[in-house]
Amino acid sequence: MVRCSCVLFRKYGNFIDNLRLFTKGGTGGMGYPRLGGEGGKGGDVWVVAQNRMTLKQLKDRYPQKRFVAGVGANSKISALKGCKGNDCEIPAPVGISITDENGKIIGELNKENDRILVAEGGLGGKLLTNFLPLKGQKRVIHLDLKLIADVGLVGFPNAGKSSLLSQVSHAKPAIADYAFTTLKPELGKIMYNDFKQISVADLPGLIEGAHMNKGMGHKFLKHIERTKQLLFVVDISGFQLSYRTQYRTAFETIILLTKELELYKEELQTKPALLAVNKMDLPDAQDKLHELMNQLQNPKDFLHSFGKNMIPERTVEFQHIIPISAVTGEGIEELKNCIRKSLDEQANQENDAYHKKQLLNLWISDKVSSSEPPSSKHAITSSKVNII
C-alpha cells in the first residue's frame with residue numbers, strides 16, 4: 001500500500017496547474033537627434049494558447065521562467081525609422097487564466113490561438129523623449145489552469161467518480177479501493193451514437209474543510225468554475241475518511257458537499273446539477289435509496305443534526321437523480337441520457353435568453369431612433385432649401 005501511494009504522489013507532483021513567470025517587454029531603440037530619426041519600438045510579450053500544450057511542458061522547456069522580448073533597432077542614417085524588436089510568445093494550454101502579481105485578471109485563453117499581451121515594449125527614442133528610448137514593461141504573471149468541461153464530477157473520496165468516468169467515457173483514470181485515488185484532474189468524453197460528444201472532468205475528492213485548503217481537493221475546486229453543470233457522485237452507503245473522522249450518510253455527504261461549494265464560491269450553486277447515487281449493487285442499497293429520496297424531498301426536516309455553520313444557505317435542486325453502479329453498469333445509460341438532456345435544455349434556455357436580449361436591444365434602438373429630434377445640421381439644411 002505504501003509503495004502504491006508513493007507512485008501516485010509522484011504522479012501528482014508531475015501535474016502543474018499554476019505557474020509564475022517573469023516577463024519584460026523589449027527596450028526601444030535609440031533615436032537619431034541630428035536627423036530627427038526615431039528608434040524602433042521594443043518587442044512585446046504575448047501568451048498564446050496552443051492545443052496539446054501543458055504547463056509542465058512550458059516549465060520543462062523554459063526552466064528559468066523568464067521571457068524577455070527583443071530590443072528595438074536604433075535609428076541611423078541608412079534607416080531613420082528603426083525596426084520594432086522581436087516579440088516574445090509564451091506557449092500555454094487552452095483554459096488558462098492570466099493574473100498579475102496583485103491577483104488582477106489580465107485575461108483568459110479559451111480556445112486555440114487566443115493571445116493576450118502581458119508586457120509591452122518600450123517606445124523608441126524620438127523628439128518627445130529627447131531621442132532617448134524607453135524601457136519595456138516588467139511584469140510578473142501567474143498562469144492558472146482551469147479545466148474547460150461540460151460536466152464536473154463532485155464528490156467525497158472513494159465515491160466512485162473514477163470508476164464512473166471510466167464507464168461513461170474512454171478515459172482510463174487510476175482506480176483503487178482507498179481514498180484519494182484521483183490525485184490530478186482527469187478528462188473524459190461521453191460519445192453518443194449520433195457522434196455528439198460531452199466532456200466530463202473528474203476532480204480529486206473533497207473533504208470537510210476543503211474550502212480552507214484542507215485535504216487535496218481544495219486545489220481543484222477552481223476547475224469546476226468553467227464547467228457548465230455539476231454531477232454530484234455519492235456513495236449510497238455513506239462515507240468515512242478514517243476511523244478518526246465522523247461517519248456521514250449519503251444525505252449528509254450531499255449537504256456537506258453543497259456547503260463546501262458555497263464557502264468556496266457561491267456562484268457554483270447556481271450551476272445546474274445532477275445527482276448520481278453510486279454503489280447500488282451493495283446490500284440494502286434500495287432501502288437506503290428510499291430513505292435518501294425522502295430526505296432530499298424534505299431536507300429541512302433532517303438538518304437538525306448539523307451545526308449551523310455546516311448548513312448551506314440554499315440546498316441544491318437536482319434536475320435528475322439517477323441510481324447507478326459504476327461496477328456493474330447499472331443506470332449508466334440512463335445517466336448518460338440525463339446528462340445530455342440537461343445540457344440540451346440549458347443550451348436552449350441560453351439561446352432563448354440571447355435572442356430575447358437581441359430583440360430587446362433592437363426594440364430599444366428603434367424606439368430611440370424614431371423619437372430622436374432632427375439634428376441641427378438637418379434643420380439648417382431644411383431651412384436653406386425653404387429659403388431658396
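# Exercises: salt bridges, burial and helix packing

K41, D44, K84 and D87 are joined in a network of salt bridges. A salt bridge here is a side-chain nitrogen of Lys or Arg within 4 Å of a carboxyl oxygen of Asp or Glu. The model is predicted: local features need pLDDT of at least 70, side-chain atom pairs count only at pLDDT 80 or more, and totals for chains, interfaces and linings use all residues. Residues are numbered from 1 along each chain as its sequence is written, and side-chain values use heavy atoms, with hydrogens and water left out.

## Exercise 1. Overall make-up

Task: state how many helices and strands the protein has, and what share of its residues is buried.

Solution.
- Step 1. Count the elements. There are seven helices and 14 strands. Helices (H or I, at least four residues) and strands (E, at least two) are DSSP runs, numbered from the N terminus.
- Step 2. Turn to burial. Of the 388 residues, 45% are buried. Buried means under 20% relative accessible area, exposed over 50%, and partly exposed in between (1.4 Å probe, protein chains only).
- Step 3. Look at contacts, meaning heavy atoms within 4.5 Å. Among contacts between residues at least 6 apart in sequence, 73% join residues at least 24 apart.

## Exercise 2. Three salt bridges

Task: locate the partners of E101, D60 and E108, and classify the exposure of residues in these pairs.

Solution.
- Step 1. Note the total: 16 salt bridges.
- Step 2. Take E101. Its partner is R20, with the closest N and O atoms 2.9 Å apart. E101 sits in the loop between β5 (96-100) and β6 (105-109), R20 in strand β1 (residues 18-24), and the two are 81 residues apart. E101 is partly exposed at 42%. R20 is partly exposed at 45%.
- Step 3. Take D60. Its side chain meets that of K56 in a salt bridge of 2.7 Å, N to O. Both belong to helix α2 (residues 55-61); because they are four residues apart, about one helical turn separates them. K56 is partly exposed, at 27% relative accessibility.
- Step 4. Take E108. This residue pairs with R226, the closest N and O atoms being 3.3 Å apart. The pair links distant parts of the chain: E108 is in strand β6, R226 in the loop between β11 (197-202) and β12 (229-235), 118 residues apart. E108 is partly exposed at 36%. R226 counts as buried at 15%.

## Exercise 3. Cysteines

Task: count the disulfides, then classify C88 and C338 as buried or exposed.

Solution.
- Step 1. Apply the cut-off: a pair of cysteine sulfur atoms within 2.5 Å. The whole structure gives zero disulfides.
- Step 2. Check C88. At 13% relative accessibility, C88 is buried.
- Step 3. Check C338. Its relative accessible area is 11%, so C338 is buried.

## Exercise 4. Two helices

Task: describe how α4 packs with α5.

Solution.
- Step 1. Read the geometry. α4 and helix α5 (residues 285-297) pack at about 40°, with axes 9 Å apart. Axes are lines fitted to C-alpha atoms, for helices over the stretch in contact, and angles run from 0 to 180 degrees between N-to-C directions.
- Step 2. Classify the angle. The helices are therefore oblique. Angles under 35 degrees count as roughly parallel, over 145 as roughly antiparallel, 65 to 115 as roughly perpendicular and the rest as oblique.
- Step 3. Name the residues. A250, F251 and I254 in α4 meet L292, Q295 and L296 in α5.
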